[in-house]
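Here are my notes on this entry, set out as numbered points. They begin with one pair of contacts and work outward to the whole chain.

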Amino acid sequence: IDPVDVTTRLAAAEAGIATAEAARNAALATRAEAEAGVAQAQAALAAAATTQAFAAREVERYRPLVAAG
């Protein structure tokens, strides 16, 4: 067995492992970014629901005033 072949194959295997680990880390970062986007969207939805509820209460509060002229 030629030691150069073994060394070359070992280096190639280690490079493959490093590439796979980098891909895994990139996937985890992408997932974390997506989860942050979901959380941001949920917060925006909650804020919009609060704004809508406030507006609905204001409409009901002003309705009798408008009707009275």
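1. Arg63, at 47% relative accessibility, counts as partly exposed, and it is the partner of Glu60 in a salt bridge whose closest N and O atoms are 3.1 Å apart. Glu60 is likewise partly exposed, with a relative accessible area of 48%. The two residues are 3 apart in helix H1, which means that about one helical turn separates them. Please bear in mind throughout that this is a predicted model, so that every value quoted here is computed from predicted coordinates.

2. A second pair lies in the same helix, H1, where Arg61 and Glu58 are 3 residues apart and therefore separated by about one helical turn. Their side chains meet in a salt bridge, with an N to O distance of 3.1 Å. Arg61 has a relative accessibility of 46% and counts as partly exposed, because the partly exposed class runs between the 20% limit for buried and the 50% limit for exposed.

3. Glu35 and Arg31 form a further salt bridge, in which the closest N and O atoms are 3.0 Å apart. Here the spacing is 4 residues in helix H1, and this again places the partners about one helical turn from each other. Glu35, at 44% relative accessibility, counts as partly exposed, whereas Arg31 is exposed, with a relative accessible area of 55%. A search of the whole structure finds 3 salt bridges.

4. Which residues make the nonpolar surface patch? Tyr62, Leu65 and Val66 do so, and the patch comes to about 320 Å². Val66 lies in helix H1, which spans residues 3–68, and at 64% relative accessibility Val66 counts as exposed, because that value is over the 50% limit used for this class.

5. The secondary structure comes to 1 helix and 0 strands. The overall dimensions should be read alongside that count: the C-alpha atoms fill a box of roughly 100 × 10 × 5 Å along the principal axes, and the radius of gyration is 30 Å, where a compact globule of 69 residues would have a value near 11 Å.

6. How far apart in space are Thr8 and Pro64? Their C-alpha atoms are 85 Å apart, and the two residues are separated by 56 residues in sequence. Thr8 lies in helix H1 and is partly exposed, with a relative accessible area of 49%, a value that falls under the 50% limit and therefore does not count as exposed.

7. What percentage of the 69 residues counts as buried? The figure is 0%, and since buried means under 20% relative accessible area, a reader looking for residues in that class should take note of it. The protein exposes about 5900 Å², of which carbon and sulfur atoms supply 66%.

8. On charge, the protein has 6 positive and 8 negative side chains, and the centres of these two sets lie 18 Å apart. This separation can be read together with the salt bridges described above, of which the search finds 3.

Conventions: Residues are numbered from 1 along each chain as its sequence is written. This is a predicted model: local features need pLDDT of at least 70, side-chain atom pairs count only at pLDDT 80 or more; totals for chains, interfaces and linings use all residues. Side-chain values use heavy atoms; hydrogens and water are left out. Patches are made of residues with over 30% relative accessible area and no salt bridge: like charges are joined within 9 Å, nonpolar side chains (Val, Leu, Ile, Met, Phe, Trp, Tyr) within 5 Å. Accessible areas come from the Shrake-Rupley method with a 1.4 Å probe; for residues, only the protein chains shown count as cover. A salt bridge is a side-chain nitrogen of Lys or Arg within 4 Å of a carboxyl oxygen of Asp or Glu. Buried means under 20% relative accessible area, exposed over 50%, partly exposed in between (1.4 Å probe, protein chains only). The radius of gyration is taken over C-alpha atoms; the globule rule is 2.2 Å times the number of residues to the power 0.38. Lys and Arg count as positive and Asp and Glu as negative; His and the chain ends are not counted. The place of a charge is taken as NZ of Lys, CZ of Arg, CG of Asp or CD of Glu.
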